[in-house]
Amino acid sequence: MYLAGAAVAAAALLWLQRLLWPHLWADARFLLRALRCRRRVLRGAAGSSLAQRFAGLARAAPERLFLRFEGQRVSYGQAARASRRVANALRAWRGPGGPLRPGQTVALLVGNEPGFVWGWLGLAMLGAVPAFLGTALRRGALLHCLRGCGARALLVARDLYEAVEPLLPTLQELGIVVWVLGPGPCPPGATSLQELMEEASDEPVPSDLSTPKDMMDTCLYIFTSGTTGLPKAARISHLKCIMCLGFYRLVGASSEDVIYVALPLYHMSGSLLGIVGCIGIGATCVLKRRFSASQFWGDCQHYGVTVFQYIGELCRYLVNQPKGEGQQEHGLRLAVGSGLRPDVWREFLRRFGNVRIVETYGMTEGNVTFFNYTSTLGAVGRGSFLYRLFCPFELVRYDLLQGAPVRDAAGWCQRVGPGETGLLIAPVTPQNPFLGYAGGRELSEHKLLRGVFAEGDAYFNTGDLMAQDAAGFVYFRDRTGDTYRWKGENVATTEVAEALAALDSLQEVSVYGVAVPGYEGRAGMAAIVLRPGCELDGAQLYSHVVEFLPPYARPRFLRVQDHLEMTQTFKQHKVRLASEGCDPTRLPDPLYLLDDASEAYVPLTPRLWEGVVSGAVRI
């Protein structure tokens with residue numbers, strides 16, 4: 001009788017748990033896995049650097065395949081020897097400034113190639129601080145970055161040297177040495193690193209050079225993308241770099257996996273998650289110079305790829321490819337990344353088979369991350385009470401017009417409720433620090449909110465608008481800079497873009513707000529790319545937006561383009577599009593206006609635009 005009663009009680013509790021906390025066991029399993037990964041990664045991490053961890057793996061498994069790049073196959077042992085040659089060559093440097101010393105910053109202007117990895121690890125072996133530069137930087141922006149991180153030297157790839165050559169006189173004035181990753185001869189003011197490496201030993205350098213005094217010291221700099229201004233050098237600590245060794249283990253990868261990395265290595269996703277994460281599990285990395293949707297599935301079959309490191313745009317490129325044979329004949333089992341739209345996610349699974357997708361969220365300089373470990377469509381992760389124990393965050397009300405969080409009469413921020421959109425912030429604590437940026441303190445202070453819930457507290461401001469539903473799933477809504485206000489209502493550009501993207505005739509969509517003379521706020525505008533063979537049907541598009549969007553969210557203007565320009569990190573150039581406006585006399589692309597009278601989008605002619613500006617035509 002007692003056992004029967006206990007069984008009934010246990011069944012009732014299990015039923016109650018499934019009803020009230022259906023994801024409890026998934027949350028608990030992920031938390032335990034995260035704790036195990038952290039313990040494994042930090043075991044002996046005090047005074048341990050990435051260079052030392054890599055050297056240990058190379059000693060333990062020198063023949064294990066590390067990189068596949070075009071026709072090259074490089075083992076962990078070969079990679080270690082190449083990195084040591086870089087370290088010994090720069091340690092023996094007797095040119096301007098003398099040998100490279102621990103703590104000095106060396107900027108890397110190198111694309112996706114093995115030389116990036118050897119240069120990075122070689123500098124780390126010397127205790128130097130690498131600074132990863134975007135390969136599209138030129139002239140003023142490049143000089144800004146070099147000054148901003150306090151570079152003592154610049155390591156540049158041979159194919160990118162043309163970006164540096166006009167700046168050589170200025171770099172010499174600044175005392176910045178230029179090493180070219182390639183054969184000589186080099187012009188005055190630059191030196192071939194390859195020639196230095198040919199004369200250098202591949203013997204290990206003293207390990208104490210790479211031992212950090214404090215795990216919170218700067219390990220490297222990664223520049224923010226700078227879509228709304230010049231890039232800033234985000235400080236990455238030794239601890240954060242070491243923690244990235246556990247990334248792939250945390251999402252379910254192992255040493256048997258082959259990981260496809262086509263993201264830029266100067267970006268955190270490519271370097272810290274892609275390369276460092278691969279080192280953390282001793283897996284093989286297939287490194288690509290750039291992503292090619294037409295080559296991807298062939299590469300997966302050729303290299304035996306099992307894991308794909310993505311940004312949402314890459315998946316969109318794949319689903320926009322023509323359907324072909326063999327697109328489900330692959331060994332890809334796991335795709336991990338960020339920024340995957342729900343419609344693309346759904347189509348990716350339908351087209352390419354049962355691939356487990358783990359959507360994540362994080363910022364290069366941020367102190368909060370999310371993992372969608374349940375593969376729930378559209379969510380960036382879960383914020384369960386268990387997860388908040390080691391990754392706390394808050395969502396607070398945000399005033400789009402003021403560009404700041406809403407505060408009550410006492411001056412404190414206000415938390416939003418389930419399903420409401422709010423600004424994502426995270427407390428800055430010793431356990432979850434924010435190291436800030438190189439340069440003036442004001443650069444870092446700009447990202448902090450103080451006096452949020454109590455006197456003296458400090459929170460990192462992500463600048464991202466999120467919502468958390470009643471089940472604990474977190475959804476990305478928009479970036480505060482992208483959201484606009486129209487007709488007294490707040491419009492989230494991602495929601496409008498998702499509604500438009502549901503039309504089969506549209507291949508790419510970018511939504512933003514534009515200023516219109518005589519109107520307050522910003523009117524919605526969408527830059528669109530039509531699928532091959534499709535024409536714009538203004539009546540159909542009008543019917544679609546009326547069905548799926550409230551009146552204030554319907555784009556008033558359309559701009560038809562051949563393609564949408566992206567930044568080097570696959571972000572849309574919304575700021576530039578918004579600044580170009582919607583005047584048909586100034587734009588070369590076909591423009592359309594939402595016309596309620598004709599129930600269609602009609603061509604926006606100069607005469608019709610004059611009517612909008614004068615007020616004769618209301619929008």
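Is Cys278 buried or exposed? Cys278 is buried, its relative accessible area being 0%. The legends below describe close-up views of a predicted model.

**View A. Cysteines without a disulfide partner.** A search of the whole structure finds 0 disulfides. Cys278 takes part in none, and the nearest cysteine sulfur, which belongs to Cys285, lies 5.1 Å away. Since a disulfide requires two cysteine sulfur atoms within 2.5 Å, the pair Cys278 and Cys285, at 5.1 Å, does not qualify. Cys315 is likewise in no disulfide; for this residue the nearest cysteine sulfur is that of Cys300, at 11 Å. Cys315 counts as buried, with 1% relative accessibility.

**View B. A positive surface patch of arginines.** Four residues, Arg36, Arg39, Arg40 and Arg43, form a positive patch on the surface. One of them, Arg43, is located in the loop that links helix 2 (24–42) and helix 3 (50–60). Arg43 counts as exposed because its relative accessibility is 61%, and the cut-off for exposed is over 50%.

**View C. Glu70, a residue with positive phi.** Although Glu70 is not a glycine, its phi is positive, at about 50 degrees. Glu70 is placed in the loop between strand 1 (65–69) and strand 2 (72–75). With a relative accessible area of 47%, Glu70 is partly exposed.

**View D. Ser375, a residue with positive phi.** Ser375, a residue other than glycine, has a positive phi near 55 degrees. The loop that holds Ser375 runs between strand 15 (370–371) and strand 16 (381–382). Ser375 is partly exposed, and its relative accessible area is 28%.

How values were computed
Residues numbered from 1 in each chain as written. Predicted model: local features only at pLDDT ≥ 70, side-chain atom pairs only at ≥ 80, totals over all residues. Heavy atoms only, no water. Patch = residues over 30% accessible without salt bridge, like charges linked within 9 Å, V, L, I, M, F, W, Y side chains within 5 Å. Areas by Shrake-Rupley, 256 points an atom, 1.4 Å probe, with all protein chains shown as cover. Salt bridge = Lys/Arg side-chain N within 4 Å of Asp/Glu carboxyl O. Lys, Arg positive; Asp, Glu negative; His and termini not counted. Charge placed at Lys NZ, Arg CZ, Asp CG, Glu CD. Helix = DSSP H or I, 4+ residues; strand = E, 2+ residues; numbered from the N terminus. Buried < 20%, exposed > 50% of the residue type's maximum accessible area, 1.4 Å probe, protein only.
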